[in-house]
Amino acid sequence: MAENSTDQFFKSNVLGHPSGLFVLFFTEMWERFSYYGMRALLVLFLTTALLDGGWGWPREHAMALFGSYVGLVYLSTMMGGYFADKVIGFRWAVVVGALLMTLGHASMAVETQWSIYLGLGLLVIGNGFFKPNMTSIISEMYKDRPEKKDGAYTIFYMGVNAGAFIGIILCGYLGEKVGWSLGFGLAGIFMLFGLVQFWLAQNIFGKIGLKPKKDDANSIEALDNDKRVPFTPSQLILIAVMVVLGVLWLIFEPVALISDGKVNIFDFEFLGLAGNNITILTAITLFIALTTYRLSKYSIITRQKLIAVTFFAVVCAFFWAIFEQSPGTLTIFANDYTDRTLDGTSANVFRVVNACMVIIPLGIITWVLYLLFKQTFRKYKWANIVLSFSFLIVWAIAIWMLIDQFNDNKLEIPASWFASLNSLFIITLAPLFSKWWESKYNPSANMKYGIGMFLLALGMACVAFGAMGIEPGAKTASVSIIWLVLVYLFHTMGELCISPVGLSYVSKLVPARMIAFMFGVWYLAIAIGMKGAGKFGENIDKIANEHGISYFFWMLTIVSVIMAVLSIVFQPVIKKLMHGVR
């Protein structure tokens, strides 16, 4: 038996999957705790008045910075995927990324202008090293069990959302109620726990993710007989030009807006086009041209599978551009237009529901932790001790928060709380969707994407309908919280149709030697979607003042429906390109 065969990893299993999957589960959980915990606070911190400890920025400026930050986070994964594939291996990439993110959160906790920007920069680079390589380790672990991959990615996605849920709840509460720096700082502490736990338990992965060896007869490169299409020097130069243009645009486009044009490297026009538009259009044109040329050089089956991945990536970009209104315009809607003050019976109902929301998921995750302990404590004692200590801290903060809410006579729901519903619904619904994907009723890839986009449209229609009574130009309103709850329910179901299965399709359709790089390309599509979310959000005030905020959300509903229809209509074509991959 080969040392790294699938059988080796399934010898020690939890819930029918290798114990190593759950080491990744908890590492990713703490990384997502830190990422989403900080992100839930960012737009609120930027737009909160100076007297309340924020920066007092206009919404347009906050959304511009937010869009570029999350866009750069996902764009940087291409760099991280390349370095892991060619230079340092998946594991070292995860360690370097986690360390940089720990330093980034610590920097943000200082809360000066330069420390916030430095912190965001460190988080961008750290995410680039960390994110694509966690999923690459899973892909390698399941390379002989492709039928288990969808279930594995869905379980992993539960870890992602468990961290996001706890992070948004705890960092959001501390940031809004106690102090912004405490919310930012807590995110960094748990990123450090994730780093230490991964480092101490890394031997559970055998030789997966170690530094790649040149001329290794058993390497992915040597075993893959598919036609090679190496990058030529001129193509590498083109890629460098694209990357530089894209990064410059993502950084300096919001800088020009925030500084009112005082710092603007795109202060020129050509044929009626502004400099910033010329820059990004040039980068996109070069990317499309190079991708089209390279696709034409692969073997026919590989080419067609890569075209199928590209189609899903385009739909994915639109999905995230609309879905990621959550930490931006939907949080603004929660903060300014939603009735969040509760008293009497309604406050007591919320306290009980919120306590169940926090305690039950934490209890389930603690149970999974216990199952992992039973399998791995003897060999990985210190990793498990670090993990258990981090959970004790989470339980302590959660209980303190719940007691504080029960002692508050007139309860105000934090605006960031609503974003946690997405993660809660995923933890609840992911097992059902995982069973669906493994059953005989498993829809085709295009149907999954079509269903996901329709559910996204339904969610946006809920908030658009709820906001119909808000007059154009209104700065505040008291819309019922039920509309935001429905938004997150439908959006979560849409996300489960698209995001985890998207990663699974990349791993199934892409040649093994390209896996980490193609995960990076997938995250490029998400990066475009994230920046698109920021660009949509920048216009919320203009549209709300002219037509009403409901009009803004109806526009996003229509775009979602169009993409859903396109996904379903193209089903026969894409099915043929996938060559039997399900």
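**Figure 1. Helix α8 in the predicted model, residues 233-258.** The end C-alpha atoms of helix α8 lie 38 Å apart, and this agrees with the 38 Å that its 26 residues should span at 1.5 Å a residue. A kink of about 25° is nevertheless present in α8, with its centre at Trp249. Trp249 also belongs to the buried residues of the helix, together with Gln235, Met242, Gly246, Leu250, Glu253, Pro254 and Ala256. An α-helix has 3.6 residues a turn, so residues three or four places apart point the same way. After α8 comes Asp260, which has a positive phi, near 55°.

**Figure 2. The ring face of Trp249 and Lys531.** Lys531 is placed over the face of Trp249, at 5.4 Å from the ring centre. Trp249 is the residue on which the kink in α8 is centred, and Trp249 is buried.

**Figure 3. Helix α9, residues 275-295, and its surroundings.** For the 21 residues of helix α9, a rise of 1.5 Å a residue gives an expected span of 30 Å; the end C-alpha atoms are 30 Å apart, in agreement. Gly275, Ile278, Thr279, Ile280, Ala283, Leu290, Arg294 and Leu295 are the buried residues of α9. Among the elements that cover these buried residues are helix α8, strands β3 (269-270) and β4 (273-274), and helix α10 (300-323).

**Figure 4. The aromatic pair Tyr173 and Trp400.** The model contains 33 aromatic pairs. In the pair shown here, the ring centres of Tyr173 and Trp400 are 6.0 Å apart and the ring planes stand at 80°, so the arrangement is edge-to-face. The two residues come from distant parts of the chain, 227 residues apart: Tyr173 is in helix α5 (residues 149-177) and Trp400 in helix α13 (residues 381-406). Tyr173 has a relative accessible area of 6% and is therefore buried, whereas Trp400, at 39% relative accessibility, counts as partly exposed.

**Figure 5. A cluster of aromatic rings.** Ring pairs join Phe22, Phe25, Phe26, Trp30, Phe33, Phe190, Phe193, Phe389 and Phe391 into a cluster.

**Figure 6. The setting of Gly119 in helix α4.** Gly119 lies within helix α4, which comprises residues 113-141. Gly119 counts as buried because its relative accessibility is 0%. With residues up to four places away in sequence left out, Gly119 touches Gly104, Ser107 and Met108. From Gly119 to Trp436 the separation is 317 residues in sequence and 41 Å in space, C-alpha to C-alpha.

Key
Residues are numbered from 1 along each chain as its sequence is written. This is a predicted model: local features need pLDDT of at least 70, side-chain atom pairs count only at pLDDT 80 or more; totals for chains, interfaces and linings use all residues. Side-chain values use heavy atoms; hydrogens and water are left out. Helices (H or I, at least four residues) and strands (E, at least two) are DSSP runs, numbered from the N terminus. Buried means under 20% relative accessible area, exposed over 50%, partly exposed in between (1.4 Å probe, protein chains only). Contact means heavy atoms within 4.5 Å. The expected span of a helix is 1.5 Å times one less than its number of residues. The bend at a residue is the angle between axes fitted to the seven residues ending there and the seven starting there. Rings of Phe, Tyr and Trp (its six-membered ring) pair if their centres lie within 6.5 Å; planes under 30 degrees apart count as stacked, over 60 as edge-to-face and the rest as tilted. A charge sits over a ring if NZ of Lys or CZ of Arg is within 6 Å of the ring centre and within 35 degrees of the ring normal.
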